[in-house]
Structures are given as C-alpha cells and as structure tokens.
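Open the structure in your viewer and keep the selection tool at hand. Each stop below gives something to select and then says what is there.

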Amino acid sequence: MPPQQPARFADVADVTARLSAAGYLPDAQIATTVFLADRLGKPLLVEGPAGVGKTELAKALATATSSDLIRLQCYEGLDEARALYEWNYKKQLLRIQASQNSADGGDWGDLHDDVFGEEFLLSRPLLTAIRRTEPTVLLIDETDKADVEVEGLLLEVLSDFQVTIPEIGTIVATRRPMVVLTSNATRELSEALKRRCLYLALDYPSAEREREIVLSRVPELAPALAEQLVRTVRALRAMELKKSPSISETLDWAQTLLALGMDTLGTDEVRQTLGVVLKHGSDQTRAAAELRLN
Amino acid sequence: MDGITPGGLPAHLDGFVRAVREAGIPVGISSAVDAAHVLTAVDLLDREQLRHGLAAVLLHRAAQRPTYDVLFDLWWPLTDRPSVPSEAEPAQDGAPDDGVPDADRQAALAAELRAELLRKLLDGDEEALRRFARQAVEQLGQGQPSPSGQSFFSYRVLRALSPDTLVSQLLDGLLGGADRGGLAEQVARQTVRERLAAFRAAVEAEVRRRSAAERGRERVARTAVKPLADQVDFLRAQSADLAELRRSVAPLARRLAARLSAKRRLGRAGRLDFRKTVRASLATGGVPVVTHHKPRAVHKPELVVLCDISGSVAGFSHFTLMLTQALREHFSGVRAFAFVDSTDEVTRFFTPGADVADAVQRIGREADVVSFDGHSDYGNAFGVFAERWASAVGPKTSLLVLGDGRTNYRQPGLPVLADLVRRSRSAYWLNPEPARLWGSGDSAADKYKQFIPMIEVRNAAQLAEFVTTL
C-alpha cells in the first residue's frame, strides 16, 4: 500500500500541531489514527455519538492540509445518481430537439458523442472528489443513514479510487483524496467496508481535554468556570439519559453562560440554563432530581 | 518491513492478534496485514501510538475497546519502571535490621501511601495516579511467595488503602469549604467516583501485568478478559452489564423501526400522478422523462408485545420492556402486555419520554399480572389475554412473545397460542434460554415451538441479529 503522493503529515506530533492550529484539539488516539490514515492511504471511519466532533474533525483536516472539503451527506434513499454522477437528461433532450430542428438534421454519431460529453455530465460529490487535481478531503457524512446498496458503491470507489462511466470511460484519481467517513452507529456498517477503513471510535473526551476544548473555543470563559462546567457536564453524562450532552452542547452551554454574564455555575444558574444541554423533558426532570436542583 | 527480524516482532504481533481473536473480536487476515503495516509507520518507542494505531486496524466496534486495552497491556507491557524499585528496595532491605514487627511496618507503610493516594486523587492527574498505583502494587500487593514465584493481588492493595473510605475527605477537598448538599456535592461526587474507578483500574492493570510476567500472558489473558457487553447472558447479567446493555437498546429500536418503515417504502410508489408528470415534462420540452407517482397509503405496522415478567427472566424482561419503550417512540401502534400468571396491558406505563426503570417498577406495583401465587402460568396468562384483548391481535399485527416458556408444570395453553398465531400477520417467540434447554424440566418451549417460530435470544448480539433478519 504505498502512498500515491507525498505524505501530508510528517509524524503524529505534526498531526497534533496542525489540527490544533486549525482549531481542533486531538488526543493521542485521534492524532495517531489520522496519521496512519494518511500514511497507509486508507479511508478513516469515525464512529461515535452525535456531537463529539466527527464532522468537525474532517473540516479541521481540510484546513490543516489546506485542502478543499467535498461533502457527501448520506440519507435513506441516497442513490448512485446523487452520490456519483448523473446525465443531465433535460439538457441532452434539448440538445437533441435543437439538432432535429436545424436544417441538416445532424449526424447521429456526432450527436451521440456530443450529448454524452463532459457538458452534459452532472458530477456528484464522489466523482468530483476523484477528478480534482487539487488536494481534497472527501467527507462522507452519516454513512449509517444510507442504504446498504450505497455501501457497495462506496467499497468500489474507495478501494480503487476510480469510476467507470460507460459512455466516457474510466476515470482514475490523479490525486487520491483523503477520505473521512462518519457514522452514528445507528446500524452496523458492513464488515467489508469497515475492513477497508481505519476505525476510530470517538467518545466523549477526558475531563482535561474537554476543558481545553472549551477554553480554546470560548476563550473569554474564566478557567475556573470552565472546570466547573466540564465537571457538571460529566456528572450529567454519568446519568442514564436519553441523550447525553455532547461536546457541542458543552460549548453551547459555555457560550450561554458567557452571554448571560454568569460567572459561577451554581444551582440557580444550572436550573435556568439546563435546556441548553438537555433537550428532552424527561432528561431534564431526571437531571434536576439527581443534581438536587429543587 | 525492513529492520524487523523474522520471528521477533512479527511473531509477537501474531501472538497478540491471536489473543485478540480468542477474546471474541474477529480480526481478518487483511487486518492482521494492516497491523504489520502499522508497526512500520508508527513510532515504536511511543507505546500509546502503537496502542491506538493497532486499535485502528484491529477493532471495528467501540465496544471491543476495553477488551483490547487489557490485552494490549499484557502483550506490550510497560518496561520502564520509573523510580519504583529504587524506592521500594531500601524499605525491604532494611527490614530485618530495625526490629520493627512486620505488621506494624506494613501498617505504617499503608498509612503513608494512603495519605499519598488522597493527595493524588485530589490532584486528579491521571498519569501520576497510574504511577502511584504501580508503586502501591509493588509495595502492598505481594502475596505469600510460593515456589512458582511471587504473586500479586489487587485486593491486598485495595484493602490496605481502602480508597472508598477516602470519599468524604475527597469531597471536602474538592468542594473547597463550600456547603455540602445540592448541586456542587453531586458534581463533586461524580468526579470522585471517576477518579476512584481510574485508580482501581490502574491497580488491576498493574496486577495483571505482574501476573503476566510470572505466569505467562496467555493464562492471564484468558481470565482477565470479560465478555463483550452484547455477549453477556441476559439471565446472568449483573447490574453493571445491564447499564451497558441499556445503551444499546435505543439504536436497536431505531434500527428495527427503520427496517419496518423501509419495508413500507420498498414496494414501488403507487399509481401514476398524471398532473405532476405532465407539469414536470414541461421542463423537458413536453417529453415526460421523469414520471411522478402518488404515494401509497401508508401501512402502519402494529406490534403486540407479550412479555413474561416473572422473577426467573427478570434480566431479560427488563431489557425487552426497554426495547418496547424505545419502539413506542417510533410507532404509535405498539401495545405491550405483561404477564406472570395473569395478563394486563402495560402500554400506559410506556408513554413516550417516561423513564423505563420507573415504568418497570410501576408495572410490578400497579399492573394486575398476578392472580394466584406469583409463579409463571402461561396457560392462564394466554387465556386471559385472548379473552380480554381479543381484538388486539388482527391480520395486521405482529405478535412478539417474550419468555422462557417455563410453565411450572401447569397447562401450557397451546390451543390459545396457536389461535393467536393464526390470527396475527406474523408471530415470533424470543426465548432467553439456550436452545438445548428447551423442553427440559418444566419448560414447554419445545411444545410451543411447533406453533410459533421460537428464537434463542440470550444476549444483545442475538437480539440485534433477530432484528436485522426480521
């Protein structure tokens, strides 16, 4: 598996430094896995609960490697025409009709080559990423939402980085994009797909790292308050809630405290702002009871 | 792979991969090859890089990580022993001379380390805590030396230091003089719990490492590795396992819901929507390139869950009731019934947003599931159900029976069940007992099996498999 182009990162420390500069604080696991994904030239599959920074990692990678981010958002019913490429039927039809009306009537061979040309091809994210010559990060977001058939398509594209369009020929990537797949683990992705990827399980960060994240994203927040905030969020996560607060919700909470000018996080403050982190009524009731807010 | 001598590192990696496989984590050949590539790419002197790097190619699910970490620590143990021996040695060498009784010296040492532990726990520096754990095992964890070598025990360390009794001092320290009670204390308690757990884990890891050096890592690996959460037997699950299992319920329900609604959509769209098609064709010069269809009338799946909640299947029924609750949030047409020796509808306890543990308790208290002696009576339970809720099962209903089919040698009520199965669209029986025990003793599972497809669901993995084949 020799890398097709010079490696983007020199070593793990380099990954850490450049991702940090891009505003994403990686821990040892993230940095090592990203480094390997680059070195081994394999796609990176990031799995974890919502809001732990999966998509954010891909964006930071794009910034850190000065690449453009191409994003394929998966959803139920996503098909080849939306993910890979599609012929612009409407335009093709107009072209045919226009040539019928013209005096000479047009030669079929010319016309055929013409309507199946570059001009009528609608490039979707996967094809776009493969054809680009500039550095690219391809983000395939929420892969678990897509149907199983799409996984087959991804397998094909991600193993060879080439696409065959019958009318045009095979398009091979001149420059392999760095691929990041994310999944919320709502369903198990197929073994075949997982085997081709490097697997990175993202979870809620350690207290120390979360505090650093809060302070880097919301620098105006007092360090002592950040500490208090992170510990409170961790106490919430230890409860059996429907939806545990994620990093993004911790950050929202920090912003809220800042906006409201609160400089401590006491019982009153938590009671007033709990809605920022817990979005289910039952979760709020439960948290209020366990934290003795009432 | 230059620089690697054959037999050395590759053989070691191979042994590690085998151990990971033996622990129930499937690792394919290609992953093993990738692991070798990882060795060439990462900085081998940085142990954490190696740990995370190998994890990236060997693991495919988050739940496998704790098992992997235990094995990794055994196969790639820490070799540097910062300052521990030098501190420990003088204490031991000096022992015979000073004439202080052994027990006293031990007690003094324990007290000293305890004070140290308190400081480290208050500080919250994980690396320092780990180092301290290694030192504590070295000094307090030794068992009686035997001919086979020195053995170490985590219980000795934990007994000597009794970290649980430090909680109150830790709380005082963390609260920094603030009042007890209320939010601050709850938050501090959580922090204390986390740090104590980290210390305990560090002690256990160190003991494992030392045992591995004495007894060989293969033997330690076999005993130290716990089964993965979704492989834990429902009927033997501890409360910690259940908490882990609960986390897997919501995705499972979502998956089940997605499958059922996917089936709904799969049948091609309904009749041609002429108006929409013609309007769309205007964009292509009057040629209807894309046809539009009217959506089919949506078939709402109805699910009736009939769940044995007697004591013998408590772990299982608790779990399945949670699945029921999760399903309720996706479907309106879910009705739940619970039975012991009589049946009652329990749908009302599962309003969306209700707390499941709470609901299960309320069912035990308020639902009318016991009419006689509180031992399972399937015959009577099915009878009551068929009689009182005759209309619940119809041609659109999927029936799900959950229970072990142990009738206490009473009437199994086969004709009633057969009739219910005939009336429903589809019916399944999920049995938490291993299939080989069906029909043994008072189990009527083998009889029920002739009328209703019975599926062995002993753990979350099997339940997930059932859900995906549905």
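**Stop 1: a helix in chain A**

The model is a predicted one. Select residues 28–40 of chain A, which form helix α2. At 1.5 Å a residue its 13 residues should span 18 Å, and the end C-alpha atoms are 18 Å apart, so the two agree.

Colour α2(A) by burial next: twelve of its 13 residues are buried, leaving the helix mostly covered. Among the buried ones are Ile30(A), Val34(A), Phe35(A) and Leu36(A), and the charged-looking names are there too, including Asp38(A) and Arg39(A). Step on to Gly41(A), which follows α2(A) and has a positive phi, near 65 degrees.

**Stop 2: two loop residues**

Select Ser66(A), in the loop between α3 (54–64) and β2 (68–73) of chain A. Ser66(A) is not a glycine, yet its phi is positive, about 40 degrees. Is Ser66(A) buried or exposed? It counts as exposed, because it has 11 C-beta neighbours inside 10 Å.

Now go to Glu142(A), in the loop between β5 (136–141) and α8 (148–160) of chain A. Here too a residue that is not a glycine has a positive phi, about 55 degrees. Glu142(A) has 19 C-beta neighbours inside 10 Å and therefore counts as partly exposed.

**Stop 3: a helix pair**

Show helix α10 (residues 207–217) and helix α11 (residues 223–238) of chain A together; they pack at an angle of about 130 degrees, with axes 9 Å apart. That angle is why α10(A) is described as oblique to α11(A). The crossing of α10(A) past α11(A) is right-handed.

To see the contact, select Ala207(A), Glu210(A), Arg211(A), Val214(A) and Leu215(A) on α10(A). On α11(A), the residues to add include Pro223(A), Ala226(A), Leu229(A) and Arg234(A). Sorted by class, this contact has seven nonpolar and five charged residues, and no polar ones.

**Stop 4: chain B and its side facing chain A**

Switch to chain B, which has 20 helices and six strands. Of its 470 residues, 34% count as buried. Among contacts in chain B with a separation of 6 or more, 71% join residues 24 or more positions apart.

Finally, show both chains: 39 residues of chain B are in contact with 43 residues of chain A. On the chain B side, the elements giving two or more residues are α2 (29–41), α3 (47–58), α11 (182–215) and α13 (239–266). By class, that side has 15 nonpolar, 16 polar and eight charged residues.

Conventions:
Residues numbered from 1 in each chain as written. Chains lettered and ligands numbered in written order. Predicted model: local features only at pLDDT ≥ 70, side-chain atom pairs only at ≥ 80, totals over all residues. Helix = DSSP H or I, 4+ residues; strand = E, 2+ residues; numbered from the N terminus. Expected span 1.5 Å × (residues − 1). Buried ≥ 20, exposed ≤ 12 C-beta atoms within 10 Å, placed from the backbone. Axes fitted to C-alpha atoms, helices over the stretch in contact; angles between N-to-C directions. Parallel < 35°, antiparallel > 145°, perpendicular 65-115°, else oblique. Left-handed = near helix turned anticlockwise from the far one by under 90°. Contact = placed C-beta atoms within 7 Å. Nonpolar A, V, L, I, M, F, W, Y, C, P; charged D, E, K, R; others polar.
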